Amino acid sequence: GPNEVLVAAVPSATPPSVDVFVVKLNADGSYAWGFTFGNDRTELAGGAAFTLNGDVLLACSFSRAVDIDPGSAEVLSPATGNHSAVLRLDGQTGTLQDHMILSSPVNQFSTSAHTVLGLEADADGGFAIHGSFGDNLDLDPGSGVAQVNTSGAFDAFVAKYDAAMDFEWGFALGGTGNFTDQTTDIRFDEDGALYVGGFFNAGTDFDPGPEQAVILPASSGRDVCVAKYAPNGGFDWLARMVSPSSSDGLFGLEIAAGEVLLVGRYETSVDVDPGAGTEILSPITNNAGTYFVKLNAGTGAL
């Protein structure tokens, strides 16, 4: 609108300094509230969502100490190491209601840095986050320990928390070898099941329980995969889009009316039927293309 709410990043002796900003707009597009936070390093916003009661959940990642309270009070993260936080804000005022912090081991900072890449709220006021990590990470912000470890280079993590921000369940996803595996999107359905999508290398086990759902070598690179997990974190099904070159891009997924819609990227060709059949797509031009796939949410079938 015609008014100004100007913000500036914290100055840094070694620019650039990148801070987080958050803005809420009213239904008519007018300004409601906003704030920034950061230090003289780089802070990243990892996702935001409204809860059903109108609260705002914000995920972010940063290193060293940051005051994550947008109000006059001071809530400082640990002074050293790499951290991710989820803030619960009052939707009307933007004031901090609650928060949780995940921290990587300080003495392994260079190899175990982690980043939250997305957040999704559930119907009960809880939420799930997903992201990338190296070496190991404790997903439990409380007194318990829920450590996950990488299988190769940087792997993905998924974690579920209740409305009180207490840890419920979580796990790592990553293939063997010195490769990067990454989640790109998560979604809850109306029953509380969580769908996790991303691109993964061979050797990734999608079943966090005693059984295994390991993807075997079938391409020269990473393949797009979508997996469904029950409200308690139990593995349900896995769908994989196999490309002989690389289908290393999942742009997003949506859940509605018992169906899963996903949008992915591939090179050369891709089989979008995750079952015993085949449905081969080839790019119209060049060596890369984008595909849209609709799966059955109950079975994962095309």
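Start by selecting Glu120: at 17% relative accessibility it counts as buried (under 20% relative accessible area is buried, over 50% is exposed, and partly exposed lies in between, with a 1.4 Å probe and protein chains only). You are looking at a predicted model, in which local features need pLDDT of at least 70, side-chain atom pairs count only at pLDDT 80 or more, and totals for chains, interfaces and linings use all residues. Residues are numbered from 1 along each chain as its sequence is written, and side-chain values use heavy atoms, with hydrogens and water left out.

**Stop 1: the Glu120 salt bridge**

Now add Arg187 to the selection. Its side chain meets that of Glu120 in a salt bridge, at 3.6 Å from N to O (the rule asks for a side-chain nitrogen of Lys or Arg within 4 Å of a carboxyl oxygen of Asp or Glu). The two ends come from distant parts of the chain: Glu120 sits in strand 7 (residues 114-121) and Arg187 in strand 13 (residues 182-188), 67 residues apart. Strands here are DSSP runs of E with at least two residues, helices are runs of H or I with at least four, and both are numbered from the N terminus. Like Glu120, Arg187 is buried, with a relative accessible area of 18%.

**Stop 2: two more salt bridges**

How many salt bridges does the rule find? The count comes to 10. For one of them, select Arg64 and Asp40, whose closest N and O atoms are 3.2 Å apart. This pair also links distant parts of the chain: Arg64 is in the loop between strand 4 (56-63) and strand 5 (82-89), while Asp40 is in the loop between strand 2 (31-37) and strand 3 (44-50), 24 residues apart. Arg64 is partly exposed, with a relative accessible area of 33%, and Asp40 is partly exposed at 33% as well.

Next, pick Arg265 and Glu267. They form a salt bridge with the closest N and O atoms 3.5 Å apart. Arg265 is partly exposed at 28% relative accessible area, and Glu267 is partly exposed at 29%. While you are in salt-bridge mode, colour Glu120, Asp185, Arg187 and Glu254 together: salt bridges that share partners join them into one network.

**Stop 3: Gly249**

Keep Arg265 on screen and select Gly249, in strand 17 (residues 249-256). Gly249 is buried, with a relative accessible area of 7%. What does Gly249 touch, leaving out residues up to four places away in sequence? Show Phe199, Val224, Val263, Gly264 and Arg265; contact means heavy atoms within 4.5 Å. For a distance check, draw a line from the C-alpha of Gly249 to that of Phe200: these atoms are separated by 9.8 Å, and the residues are 49 apart along the chain.

**Stop 4: Tyr161**

Move on to Tyr161, in strand 11 (residues 155-161). Buried or exposed? At 0% relative accessibility, Tyr161 counts as buried. Its contacts, again without residues up to four places away in sequence, include Met100, Leu102, Phe127, Ile129, Pro141 and Phe167. If you want to get back to Asp40, its C-alpha is 30 Å from that of Tyr161, with the two positions 121 residues apart along the chain.

**Stop 5: the cysteines**

Select Cys60 and then Cys225. Cys60 is buried, at 0% relative accessible area, and Cys225 is buried at 0% too. A disulfide is a covalent bond between the sulfur atoms of two cysteines. With the cut-off at a pair of cysteine sulfur atoms within 2.5 Å, the count is 0 disulfides.

**Stop 6: the nonpolar patch**

Switch on the surface and select Val5, Val7, Phe21, Val23, Leu25 and Tyr31. Together they make a nonpolar surface patch of about 620 Å². Patches take residues with over 30% relative accessible area and no salt bridge, joining like charges within 9 Å and nonpolar side chains (Val, Leu, Ile, Met, Phe, Trp, Tyr) within 5 Å. Areas come from the Shrake-Rupley method with a 1.4 Å probe, and for residues only the protein chains shown count as cover. Strand 1 (residues 20-25) gives the most to the patch, with 3 residues. Val23 lies in strand 1 and is partly exposed at 45% relative accessibility.

**Last stop: zoom out**

Finally, show the whole protein chain, with its 1 helix and 21 strands. Its C-alpha trace spans about 60 × 50 × 40 Å along its principal axes. Of its 302 residues, 47% count as buried. The accessible surface comes to about 14,100 Å², of which 51% belongs to carbon and sulfur atoms.
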